[in-house]
Structure formats: structure tokens, C-alpha cells
Amino acid sequence: MTALALIVTMNGMGIVSAAQAQPADSSSVTIESAESAESVVEKRYHQVLEEWEKTVRDSTSFESAVSPVQFKDADDNRVEPAFVNYGYGEEAVAFGNRNEIHLDIEVPEDALYHIGFDFYKLGNDLMNPELSIKINGQHPFYESRRIIATVDWKNKSESFERNQYGNELIPEQVPVQQWKRINAQDPNFLQPDDLKFRLAKGKNTITLTNTRGEMLLGKVYVESPKQLETYEQYARNLQGETVQSELVELEAEHPFIKNSSFIRPIATQSIDVYPYSSHNLLLNTIGGESWASSGQSITWKFSVPQSGKYALSFKVLQKNDSGASIYRTISIDGQIPFQELKSYPFDYSGEWRNETLRDAKGNPFYIYLEAGEHELTLEADASPIAPVLDDLSTLMSDIGDLGLSVKKLTGSQTDMNREWEIKEYLPDIEDQLEGFISTLHKTEEVLKSMRGSNKKQTSDEAKIVLIIKKLEALKAKPNEIPKRLTDLSEGSSSAAQLIGDLQASLQRQPLLMDKIYVHGDVKLPEPQANFGKKVSSKFKEFFASFNQETYDPAKVDEHTLDVWVNRSQQYVELLQNMADSTFTKETGIPVKFSVMPNEQKLILANAGNQQPDIALGVSVGTPYELAIRGSAADLSKFPDFKDYIRSFSPGAFLPMMVDDKVYALPETQDFYVLFYRKDMLDKLQLPVPDTWDEVLMELPELQRLGMNFFVPLSGGAGNKAFMFTAPFIYQYGGELYAEDGMSTAIDSEESLKGIKLMTELYTLYSMPLQVPNFYNSFRYGTLPMGISNFETYVKLTSAAPEIAGSWDIALYPGVKQEDGSVSRWATGSAQSAMILEKSDKQEEAWQLLKWWMSTKTQSDYATNLQTVFGPEYMWNTANLEAFGNLPWPEEHKQTILEQWEWLKEVPKTPGAYMIEREISNVWNKVVFDGSNLRASVDDSTIIIDREIRRKMEEFGYMKDGQAVKPYIVPKLETVEDWVSEK
């Protein structure tokens, strides 16, 4: 009978029995605790563990039969599990997204246990699979909701390829396709040990739920924690072994595997590191800021010729911005040899040095190694500062609650002349502030004790001193707090925000490494070059800078496709590598990609007859401007065009069309969605609004507390772009152009309704007129809801750790229609890809465009960007199928894809700029001057129509005020018809 094994190990002893693959009922057992599971679930692991450790006893070895497996699918239906082998040696379960597995186990007494499992990741996406673990039907603590099954990665090639300038390129990363065993860990990797779960005496049901990704699940392990011995105990067992006189040297930039694809080799231009070149950039170190997040690990393989005792040394540069020590946990062959190698400190140093693992007295640690091959792993470890982070997180939340309490008392408008007796309403406010200050003083002392050899005050300690001064000033004059919330909980310099910045800083553990030495009692090479070599290297670098190769159009071969890319160097280099290895290899067409710093050069080059064949990364308006002047190639003339564009949003093509011809492909695509703070809406008991009417209903409650709602109109200057104004008009069924394109339609009844809402948001509903930075206001909580785009999404994902998990996105608020549906039309222009009309290689250029914008290439490019350069390098491809493959949270992708069903970009016509300008003028007149809306629109309509006629004459569509040939306004329905053609 097929089996999924639940292996139970107690004190490192024994394997219990296997569970048969037959569905069976499984009863829950309530955890015997002073608190119910419902109250425990919201607590953090460290809080629950502290309570548990007071009551549980150590476990002892035992053997117990394991009940059958119960397997449920994503719809919570019991099903027969699908068993596979997949090189496991035993049969494993296909464990898909939202599947559940229930395992029963008998334990003889209350105790704490680790839970682990064997898994094999399926699929090619970048995201690690994630699970949740329940004990007897309940999540025992918050962290149990998200267990990350980390996948290992390696360089695709062992050697580094070079670009056309001789510089080494960061290698492509590929996942290691193999079975892996892990224990459940804190998803933030801030706990010093694997997570411990309390199992009560008797039968316990362990439920594993796949919350993200596809995987195979092998054995599930339950084992009692093991206590690491000290180095003194470890060394006592090695007294008869000899310290070897060998020196094994490893280049750190060539690891065996990593558990994060983002860890990358770095080109360090210094004579102190090896290899070094004065002319080229060589990838000669590894880590730095790419190896700074707790839990990130690198593994190297090495061999020793003889069995014996060896020391470990690392040539490192530790220039943590704060000046504090950073930590690494060191493992040999997957095991930590002794306690002192957990969270080993690397002190701050402004220069390269050899760090030999040693005790407090400076004596090196000696580790016994058998002759042959071994694995060395260093894992970034922020667990020593986890208690500080916990205190700061609680403190930040408490300060936010206090600020909200003050706002509830004072309302949204602060009268600077009003005097408050704040203690009458908040009698314990001084005690609260004193508690905040006391916590910060304790934190300061802890950080002082962790400086290591650096005796100077770190920047983190300086931040704490600044926060304490702010809070002490508020405590001294509590009645002024209503007027000084910017010092307490609002704004970039508030105590709350400074604490958030401090949390992010403390978690960073950057370490740059050049070499690894496995050695005995031998002298190590000097970590720095002598003065003479340093001076000589600087002269060589100076003279080499005059000979660096730059782009020259004349050097591009006549058979080579010349492509200009309006993006930075790292984007272009990755694209060149992919094209060389796939497109050129498959088609035989050579391609040369070059950085185009400014797309205005494209217009100048076209005028000078030095234009490229293809331009990538250009704004969506540029192809139209070139096309109407005869300088852009019509892509719709290619026979397979209509078949090819089915992977794109129809509404994205509108600004790139002239007379129903298409002159570019959408390359990247923006999105406008509703961002909201889950934590703040929960506290205020406000739902996520779905329509503009619901937004307006919630505004009074927000504004009563000094908060508000953000629309992109508030983020711009006097000129309000189409991307901000058009959605209001479109959602009410209005249009910007008349049917024939020879005049505007902003004076229609439908368009007027949209413009009316757009102005009344400010004149009647008091939305903020100017918001310099929505991202910051969203972080601070002053604007807990608002409409924003991809740029904000990237910032919140990569640069706002203090609110991670506290925000989400939803569909753009819309206008409810008579049939009950909600109209959510919104813009989404970003960048486009085009072929120049003067190119004599248009067929080859079309092949390249199809390859570049294909689902596979776009998926690979997006994945490679993040695996090589980090999670902040997100690629918002316009290919909808490829977007569905991106390594983003699945629920966010689904929201964005649903919003893109309502994508309707503004078409371009001669004179369109005047419509954009005059809609801005209408808004300014109504909002700032109090002008009548309809009168303002009528005045603007006259100005717009006059300019449209002038431009239509310029381009030959009118003469003497009369139309001489029709101008076809691009319509969404036209593109939809193309896409639906068979």
C-alpha cells in the first residue's frame, strides 16, 4: 500500500512508522493551556514560546503508530492523494496550491517539538513554496501561518562570461532541482532556532496546508530539539587529534549553491582583492547588500587532503552603514559544530581583513574534518537583535495607537491657538510616554553591548537618542501633543517613522567576502596590498579610463540589427546576453543593443539618418509622433500581427495607432489600483471601497481623524495628465474626441459628469490638493487609502518593511452602472517597442520584436532580473501571459490582471495635447477660482476645437476649415475585433 511517512524522532533516536494513504477521519485534541487556541493565534511566536517553556517538560524517546493521511483539495473536498516517486526513493504526495494534508500522532506527554519535511519544488517560477501548519485545527502562533520552503540556486555556468567591453557578467541563476529537507522556521528568519510546536499528551493532528506554489511532499518529521554543545565540550573530544599544516584557499565569488538567487558576485575595483584588472570589471567578491537579509545562506564545497583539525578564516569587508556588528551562522556539512558558531559576530571594519573564527580570548576555533570533500555554509543571521526588533515593533504600534487616540479626541483640524488639558481625556499619557522612553533606553544599552570592536556610537544608537529627545520633549509638555503629532506619529521625522527606519536598518546584515581559508597553523596571505601596489593600480585605472570603448553607430555591422534601449546598463546587458544565447543562436540574426540615455536622441538621429532599426523602452507617445510624420514602421502590415497581439491588453494599443495602423507594441504596462492599509482600516472598522460612492461615504470618518484619501490628481503639478483625468470621463461613459476626431467631446453630458466628480472631490469632499509623495504618506498612515501605480507597488514591496503584511491592493474604484456592474476604466501607459521606417531590415526586426515580447522571453527576462539583481527589480511586462508567470504574490497578480480588463489608454490625435491642457485648466479654474464647471468647459471646448483644426490642416486632414480626408480615431472595439478574429 502506498505511503506518506510521518517520521517521529525523539532526542535524535528512532524512526517511527509510515502512514498509509487511505482517507480517514481525524479528531482534534484541544491544547491544554491557560489560554484558548483562538487567543493564542494572534500572538507572535516569541510570546507563545515564553509561556510554553514555563509549563512543558522535556520529551523522551518513544514509538507510536501513525494514523492514515487525510488529503483535501483546494475546495476543501476529501480526495485520494496523487502519489509520485520523482527520484525520491519512496512515493511522495503531489502537494498543490491550497491542498491540505492531515497527519495524526500520539505523544506520551506535553513537550515542544520541531516539525520538518522533505519537499521538491515544481514549476519554474521564482517564488519559494509556502505552507502553514496547524496543530489540532489551530495555528498555534502567528508565524505558523507562513512557513517558507526555501529553494537552493546556483550559477548556470561555473565561469563568468564577458561582454563586448571585456567586463565579466553576472551569471544566470537556475534553481537546484533536488529533494530538500527543512525544518519549519520563522518566515522572517529572526528566531535563533527552528520553530518549536507544542504537542499535548495523547493524539495530535498536524495539518499542513500549501498556501503558495506547487511541490511534492515526502516524509514529515517530528523531533525533539537538540542542545548544541559548547566549544569547550567539542574540543575536549578532539584532544587526540592533530592541527594540520595545510592551507586550502577558496574564491568566495564561486559558491556551490545559495538559498537565495539574489546573492550575487560583485565587481570590486580594488588591488586588495583577487582577481583584479585595471582595465576591466571582474566579479571578484560576493555578497555585500545582496547578502544582507536574515536567512540568506551561501554554501561552498572544499576538500582537505588529511583528516585533522582545521581553522576557518574569511577575507571580508564589513562596512555596515550603522557601524554595528553583523552576524553569520556557520555550518559544516549541514550541521553547526558548536554553540559559538551560531550568530558569530563580524565586527565593523572599513578595510579588508582576515577574520579567523575564534573565541573571546582570540584563540582560533579548530574544527575536525575527515579527509575528502565537505560543505561550508554561512547564513546571514539577525536573530541576536530579534528581541530589539520585537520591542521596537510593539513600540511603533503603541505610538501609532496613541497618535490615533489623540486624533479621535481633537478631530482632523488642529487649532494652533486652542489650549488642551490632554490629561483630562488621556490621564495615563505621561506614563505611556515614559514607558516608550524606558524601552528605548533599554534598546540603546543592548545595541551598545553589540558594537564589538567598534567603540564609537553607531548611527542606530544616534537615531535612538534622537527619538528619546522627541518623546521627552512631548512628555515635558503633554498639552502640546495635539499640535505636535508630526513629532509623535506623523511625517518623515516623527518618532514612529524613525523607529520604522531603525527597524529596517537593524535587520540588514551585509558582508562582502573575497576569500575563504581552511587552514591549520599557517600564516595567511596579507588581506591588503602594500602602498606601492595601491598607487600603481590607481595610475593604471586612471589611464585605462581614457581607452574605454563607447558606442559608435559606424561600428555596427550592416547585417546586425541595431537596437537602442531607453534603460540603464544592467537591463541592456541582460537583454544582450539573452538575445545572443537564444534569438541569434536560433535565427542567425546578430543583434547589438545599446543604451539610449534620452529618447529625444531618437528623433534627432532619425533626422540625421543615423536611426537604429528598433527602439525599446520609449514612451507610448513617441511612436505616434514619429508615425504621423512617416518615420515609424507599420507593424500591422506583417501577416501574423493580429495573431501575435492576443497576449496584450487591447486598450494598450490605442495611443500607438494612426488610421487603424499600429506603429508599436506595448512593452511594459502600468497599472492603477487601490492601495489600502489593512491594519488601519481594521482599527477604524472601514471596508475596502469598491465604488466612488463608497469612497465618499468613508471620507468623513477618515477626515475626522486627520486622514484622507489619495487620487493621483493630488500628486501632480498644475498640469493634470490624461492618465489622471481620463478615468473619470471614461467611467461615466464619456469620450475625449468627437466621432470624426475633428473636435472634442468633453462637453458631452457623460464627460461632464466625470469632470464634475473630478472637481467635487476637492471642492466638496476636501481631498488634499497637493500630496508631494503618496508612498511616504501611505507609510506614515496619513493617507491610509489611495489610487496609485506600479512605482508605488515596487517601493512598498522593497522599501517599506515596517508595514510589510499591513497593506494590500484592490480594484480601482468605479462608477456603478444601471445593470449593477461597476465601470472601472483606467489608463495604463508605460513603455513601447517600435521599428523605424528607414530600417532596411524590417522583417528581421519584426522577428526580434516577436521574440522579445513573447511569453517565454518576457517571463525569463522578468525572472532573471530579480534573480540576478534582487526583488526590487520588478518587470511589469505588457504580455499578459508572461505577467501571470511573474514571481509576484498570486493574489496581487490576479487583482492587477482583473483591473487590466478595464485598461483603456487615451488615443493620440493631432491637437490631443490641447485637450489634456484644457482639462487641467478646467480643473484649476473650478477648484482654485470657484468658476462654474459648465462655463469653464465651454470656454475650453472653443480653444481645443480651434487647435485641433489647425493641427488637422498641418497633417493634411483639413483644408480651409473643411475635412478633406477622414481621421480615424482609434477605438477599443477595433483592436478587440482584431484579437477575436480567427
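Select residues 92-95, strand E5: this strand pairs with E15 in the antiparallel sense, over 3 bridges. Strands here, like helices, are DSSP runs (H or I, at least four residues, for helices; E, at least two, for strands), numbered from the N terminus. Two strands pair if DSSP finds at least two bridges between them.

A word on the model before moving on. It is predicted: local features need pLDDT of at least 70, side-chain atom pairs count only at pLDDT 80 or more, and totals for chains, interfaces and linings use all residues. Residues are numbered from 1 along each chain as its sequence is written, and side-chain values use heavy atoms, with hydrogens and water left out.

**Stop 1: around E15**

Stay on E5 and pick Val-93. Its bridge partner in E15 is Leu-217. Now select residues 214-223, the whole of E15. Of its 10 residues, 9 are buried, so the strand is mostly covered. Buried means under 20% relative accessible area, exposed over 50%, and partly exposed in between (1.4 Å probe, protein chains only).

Add strand E7, residues 111-122. E7 and E15 run antiparallel, joined by 8 bridges. Pick Phe-117 and look across to Val-220, its bridge partner in E15.

**Stop 2: an open sheet**

Next, show five strands in the order E3-E6-E14-E8-E9. They form an open sheet with antiparallel pairing. At the edges lie strand E3 (70-72) and strand E9 (147-148), each pairing on one side only.

Inside this order, select strand E8 (residues 130-135) and strand E14 (residues 202-212). They pair in the antiparallel sense through 6 bridges. Leu-131 stands opposite Asn-210 in E14.

**Stop 3: Thr-410**

Go to helix H4, residues 386-410, and select Thr-410. Is Thr-410 buried or exposed? Thr-410 counts as buried because its relative accessibility is 15%.

Which residues does Thr-410 touch, leaving aside its neighbours within four places in sequence? Trp-420 and Pro-482 are in contact with Thr-410, where contact means heavy atoms within 4.5 Å. Then add Arg-704: 294 residues away from Thr-410 in sequence, but 8.7 Å away in space, C-alpha to C-alpha.

**Stop 4: strand E37**

Finish at residues 807-810, strand E37, with side chains shown. In a regular strand the side chains alternate between the two faces of the sheet. Here Trp-807 and Ile-809 point one way. Asp-808 and Ala-810 point the other way. All four are buried.

Add strand E34, residues 673-677. E34 and E37 pair in the antiparallel sense over 4 bridges. Pick Leu-674: its bridge partner in E37 is Ala-810.
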